[in-house]
Each structure stands twice: as structure tokens, then as C-alpha cells.
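Subject: A structure to look at together

Hello! I am passing on a structure that I have been looking through, and I hope you enjoy exploring it. Open it up, turn it around for a while, and then read on for what I found.

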Amino acid sequence: MTELTGQPSAVEAAANIRTVETFLDALRDDDLDTAAAALAEDVVYQNVGMPTIYGRSATVAVFRRLSGRGTFDVKTHRIAADGSAVLTERTDALTFGPLRLQFWVCGVFEVHHGRITLWRDYFDFFDMFKATLRAVAATVFPALRPTF
């Protein structure tokens, strides 16, 4: 915080961006210990339109269930911070065997004291439906399989 304004400094905003990048990279790498370390104990995880998940252990449990059954990948197109808020525009991919669902996501993270306290993702359900159809079609026509 700057002493005069009480607002987070550019250095703090950059550190908050690094926290989010480290978290997303850890999820991609299936490094759930590093991902968990980036989350506050009382984190709130929201995929808008789906049930909210409360707490670090419940949030990490979602990815533990995926581990070994599928993979998560991410390509960040844009990332910006305004104080404790970090905004991401990215493409996420979930792969289950031959099925790769790739879809656009806008994420809002709040970072306090180096830990993510809020993770809220917005995505279009129709886009997710199209990604599912494309993934199924790609099992027959591999050229349709999406890549970053």
C-alpha cells in the first residue's frame, strides 16, 4: 500500500498477478500442493451459474478428482490487476481421454496477503456445449481436435 493513498502499489499489483499465474500454472502442471499454497484457507471459488465452493480443501478437492482422470490446460490471453483484483481472459482446456474441451473463460481473482481469496470464472454455457460437440467429433475426425 502506498502511504498517501492507502491503495495497493504497482509492485503489489504485479505480485498479485504473479500469484494468479503461479496458481494457474500449478493447476496445469497438476501440482496441487503449489496450487493449494496460493489459496487462502477461506477462498471462495465460483463458476458463475454453478454451485459455489467454499474453502481451500474443497476447491483443491475438485482438482484432485480430476487428477489421473483428465488434465487441465490454460492459455492466458490477457491479465491485468487493479489493486487486489486480478482479471484474466484465457482459454481453458479440459481433457478426458480422447476428449478435449477447449473454451473461453474470463476470471476474476482477489488476492490478499499473497493468497487468492476469491476465484470467480465466467464462461458461456453454449460455448461449452459447442466445445463438447467438437471434442466428440474430433474422436472421429482428429483434425477437429482443438489446440492453443
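Here is a question to begin with: does Trp 119 count as buried or exposed, and at what relative accessibility? Trp 119 counts as buried because its relative accessibility is 2%, under the 20% cut-off. Please keep in mind as you read that this is a predicted model.

**The record**

The UniProt entry, which is unreviewed, lists residues 15-134 as "domain: Limonene-1,2-epoxide hydrolase". Over residues 15-134 the chain is 34% helix and 48% strand. The C-alpha atoms at the two ends of that stretch are 37 Å apart.

**The aromatic rings**

Let us stay with Trp 119 for a moment. The structure holds nine aromatic pairs, and in one of them Trp 119 is the partner of Phe 109. A general point helps here: to describe a pair of aromatic rings, we give the distance between the centres and the angle between the planes. For Phe 109 and Trp 119 the centres are 5.9 Å apart and the planes are at 15°. The pair counts as stacked because its planes are under 30 degrees apart.

Now find the two rings along the chain. Phe 109 is in strand 5 and Trp 119 is in strand 6, 10 residues apart, and the pair links distant parts of the chain. Phe 109 has 0% relative accessibility, so Phe 109 counts as buried. Both residues also belong to one aromatic cluster, whose other members are Phe 23, Tyr 45, Phe 63 and Phe 72.

Another ring to look at is that of Phe 148. The charged end of Arg 100 sits over this ring, 4.9 Å from its centre.

**The largest pocket**

How much space lies in the largest pocket? The answer is about 460 Å³. The lining is made of 20 residues, and the closest to the centre of the pocket are Tyr 45, Asn 47, Val 62, Phe 63 and Leu 94. You have already met Tyr 45 and Phe 63 as members of the aromatic cluster.

Which classes of residue make up the lining of the largest pocket? There are 15 nonpolar residues, four charged residues and one polar residue. Several elements contribute at least two lining residues each: strand 1 (39-47), helix 3 (56-66), strand 4 (85-96), strand 5 (99-112) and strand 6 (115-122).

**Two residues with a positive phi**

In general, most residues other than glycine have a negative phi. Asp 30 has a positive phi, near 60°, and is not a glycine. Look for Asp 30 in the loop between helix 1 (10-28) and helix 2 (32-37). With 42% relative accessibility, Asp 30 counts as partly exposed.

His 113 also has a positive phi, of about 55°, although it is not a glycine. His 113 is in the loop between strand 5 and strand 6. Is His 113 buried or exposed? His 113 counts as exposed, because its relative accessibility of 83% is over 50%.

**Distances along the chain and through space**

Finally, here are some residue pairs you can try out with the distance tool in your viewer.

- Val 11 is in helix 1 and is exposed, with a relative accessible area of 63%. Val 11 and Gly 83 are 72 residues apart along the chain, and their C-alpha atoms are separated by 9.8 Å.
- Gly 68 is in the loop between helix 3 and strand 3 (71-82), and at 80% relative accessibility it counts as exposed. The C-alpha atoms of Gly 68 and Phe 96 are 9.5 Å apart, with their positions 28 residues apart in the chain.
- Pro 98 is in the loop between strand 4 and strand 5, and counts as exposed at 56% relative accessibility. From Pro 98 to Phe 123 is 25 residues in sequence and 23 Å in space, C-alpha to C-alpha.
- Asp 25 is in helix 1 and is partly exposed, with a relative accessible area of 33%. Asp 25 and Arg 145 are 120 residues apart along the chain, and 22 Å separates their C-alpha atoms.

Happy exploring, and best wishes!

Conventions:
Residues are numbered from 1 along each chain as its sequence is written. This is a predicted model: local features need pLDDT of at least 70, side-chain atom pairs count only at pLDDT 80 or more; totals for chains, interfaces and linings use all residues. Side-chain values use heavy atoms; hydrogens and water are left out. UniProt positions are given in the numbering used here, feature names are shortened, and annotations may be inferred rather than shown by experiment. Helices (H or I, at least four residues) and strands (E, at least two) are DSSP runs, numbered from the N terminus. On a 1 Å grid over the protein atoms alone, a cavity is a set of points where a 1.4 Å probe fits but cannot get out, and a pocket is an open set with protein on both sides within 12 Å along at least five of seven lines; lining residues have an atom within 4 Å of a point. Grid points are joined across faces, edges and corners, and a volume is the space filled by probe spheres set on the points. Ala, Val, Leu, Ile, Met, Phe, Trp, Tyr, Cys and Pro count as nonpolar, Asp, Glu, Lys and Arg as charged, and the others, Gly among them, as polar. Rings of Phe, Tyr and Trp (its six-membered ring) pair if their centres lie within 6.5 Å; planes under 30 degrees apart count as stacked, over 60 as edge-to-face and the rest as tilted. Buried means under 20% relative accessible area, exposed over 50%, partly exposed in between (1.4 Å probe, protein chains only). A charge sits over a ring if NZ of Lys or CZ of Arg is within 6 Å of the ring centre and within 35 degrees of the ring normal.
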